Amino acid sequence: MKIAPFILILLLLFSGCSADQPLTILIHPALDADLLPTPTEGLQILEAEVDQPADLTFIVEELIQRADAPLPKLTIEREYLIPLGEPFQLRADISLDELREREMREDALELVPLSQWTLPGRGMRIDELSPADAAYPLVRHRYLVPRFGLELNEDQRAELDQWLSRLEENLAQNRSDRPPELYWIAGVGDMMLQRGIEDRLLTGRSGLEAVFSDLQAALRSYDLLAGNLEGAVTRGGTRFPKSYNFRFKPEVLPRLKEVGFDYLTLANNHCYDYGREGFIDTLTHLKQAGIPTSGAGLTPEEAAAPAIIKLGNTEIRLLGLGAFPPERNGFNGAREAQVRDDRPGILWYGDSSLEAIRAYADRPGIDIVMVHGGHEWRRSTAADQRRIYRSLVDAGVEIVFGAHPHVLQGMEHYQSGLIYYSLGNFLFNGMQEMAYAEETLIAELGIIEGKILYRSETPVQLNGPVIARARGSRIIEEFLNLSKDIPRD
């Protein structure tokens, strides 16, 4: 009769759990305390730093798999891994097989988590897949693996299993398992619609094909397509005394919108080709056509306000900016076309425009400046041009699209931004006799979760009034060589 109580005491000691002692759960530091289910009276939550045995503990493990694969239970984090490519190479994609083969070689690519992605950096798609695709192969899952005490009975395990089920539900509700959206921003260079281009555009249903040929599908596919319109959209105005004056019919604007243009800058040396009246008419016709512009306005405040376009949850802010040197014919943009309190015009580079950019560039989103500057017909960048464009990035701009030289210049990853010094001509008949003036490209930037993840270029060949996708890789190779040669001063 005296042996039974003694045995009962031993059993309680070795079980580690008395009838009054709650079950203990030791929380791992990787687990957000706000996601913990409320414990019942029979459960006690211990802080991660507590150094004592617990009835339920966790370890963290990692698994890399396809985005659409079943998630491990108790997944606390999904992280897309992006191969970091070389900035000046032709390839924008890599196969999964090659990526794995290179893991053991000196040329292995670094895999950067999307949450940690920053510029400068050029991501590579994997077998043409991005995190927006369900079959994306490199998704790292960090998940909790529960470890139970050895002496738990069935009822105690059941109570802890119920708590774990509630934890799994909380983690699933807090975690977004939907793939992120991929948006493509594209920029092109100078667009002058006279010399036969306008007539082709306005020839009914075939007009777009007569100008844009096999590029139509690509242009329509971009989520945001921006270009530089060199000339006045007006039926009136007075010709400004200068070497070249360009004027277009208002009917061309709906055709440009139809082919995919979402934004046009007017901040260039042809905005005042038909004076104040032509400039104001251009603003009016763009608004009527539903094509945003910026860096041009009736007042300095209006000109300094960026155009805002939303791509999903990401706000894209675009601003046009003049920075071109005086022309040989005497036309001086800073003097003749800059917006003032008493004159409509374009925003000009300087302290006030940089201050205006800083005022909004620190907000979440992506800032783009389409700047008209540099020196005509030069394929190399000038020191003053580099200083101006880099100062825009220093002010908070992520993307600079340059124009005015009429030929391609290189691009660079500078600080936290990308600078395309000159995108050359895009629509500009009459350049047949000028070296390199009919070779251009479309700059394409892939945006995921507000980050500039991908960069690619589509080569384009001008042939008088017609543009088409260029064959081969020569234009892109020359563009990348120009990029490598940009001084890093």
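Select Arg91 as your first stop: with a relative accessibility of 37%, Arg91 is partly exposed (buried is under 20% relative accessible area, exposed is over 50%, and partly exposed lies in between, using a 1.4 Å probe and protein chains only). What you have open is a predicted model, in which local features need pLDDT of at least 70 and side-chain atom pairs count only at pLDDT 80 or more, while totals for chains, interfaces and linings use all residues. Residues are numbered from 1 along each chain as its sequence is written, and side-chain values use heavy atoms, with hydrogens and water left out.

**Stop 1: Arg91 and its partners**

Keep Arg91 on screen and add Glu98. Their side chains form a salt bridge, with 2.8 Å from N to O (a salt bridge is a side-chain nitrogen of Lys or Arg within 4 Å of a carboxyl oxygen of Asp or Glu). Side chains of opposite charge can pair when their charged atoms come close. Glu98 is partly exposed too, at a relative accessible area of 23%. Now widen the selection to Arg102, Arg105 and Asp107: together with Arg91 and Glu98, these residues are linked in a network of salt bridges. The model's salt bridges come to 27 by this rule, and two other pairs are coming up.

**Stop 2: a pair between two strands**

Select Arg142 and Glu77. Here the side chains meet in a salt bridge of 3.9 Å, N to O. This pair connects distant parts of the chain: Glu77 belongs to strand β4 (residues 75–85) and Arg142 to strand β9 (residues 139–148), and the two residues are 65 residues apart. (Helices, H or I of at least four residues, and strands, E of at least two, are DSSP runs numbered from the N terminus.) Show the surface if you like: Arg142 is partly exposed at 23%, and Glu77 is partly exposed at 28%.

**Stop 3: a pair within one helix**

Go on to Arg474 and Glu478, whose side chains share a salt bridge at 3.2 Å, N to O. Both sit in helix α13 (residues 474–484); because they are four residues apart there, about one helical turn separates them. Glu478 has a relative accessible area of 21%, which makes it partly exposed, and Arg474 is partly exposed at 39%.

**Stop 4: Arg255**

Next, select Arg255 in helix α7 (residues 252–259). Is Arg255 buried or exposed? Its relative accessible area is 12%, so Arg255 is buried. Which residues are in contact with Arg255, leaving aside its neighbours within four places in sequence? Show Leu201, Leu202, Gly204, Arg205 and Leu208 to see them (contact means heavy atoms within 4.5 Å).

**Stop 5: Ala468**

Move to strand β26 (residues 466–469) and pick Ala468, which is partly exposed at 24% relative accessibility. Try a distance label from Ala468 to Gln216: they are 252 residues apart in sequence, and their C-alpha atoms are 9.2 Å apart in space. Setting aside residues up to four places away in sequence, Ala468 touches Ser213, Asp214 and Leu215, along with Pro459, Val460 and Gln461.

**Stop 6: backbone details**

Switch to a view of the backbone and select Leu119 and Pro120. A cis peptide bond joins Leu119 and Pro120, with omega at about 5 degrees. Pro120 lies in the loop between β6 (111–113) and β7 (122–123).

Then pick Glu128, in the loop between β8 and β9. Although not a glycine, Glu128 has a positive phi of about 65 degrees. Glu128 is exposed, at a relative accessible area of 62%.

Trp377 comes next, in the loop between β19 (366–373) and α12 (383–394). Trp377 is not a glycine either, yet has a positive phi of about 70 degrees. At 37% relative accessibility, Trp377 is partly exposed.

**Last stop: Ser416**

Finish with Ser416, in the loop between β21 (411–414) and β22 (417–420). Ser416 is partly exposed, with 43% relative accessibility. What does Ser416 touch, not counting residues up to four places away in sequence? Leu119, Val393 and Glu398 are the residues to display; you have already met Leu119 at the cis peptide bond with Pro120. For one more distance label, join the C-alpha atoms of Ser416 and Gly374: these residues are 42 residues apart along the chain, and 22 Å separates the two atoms.
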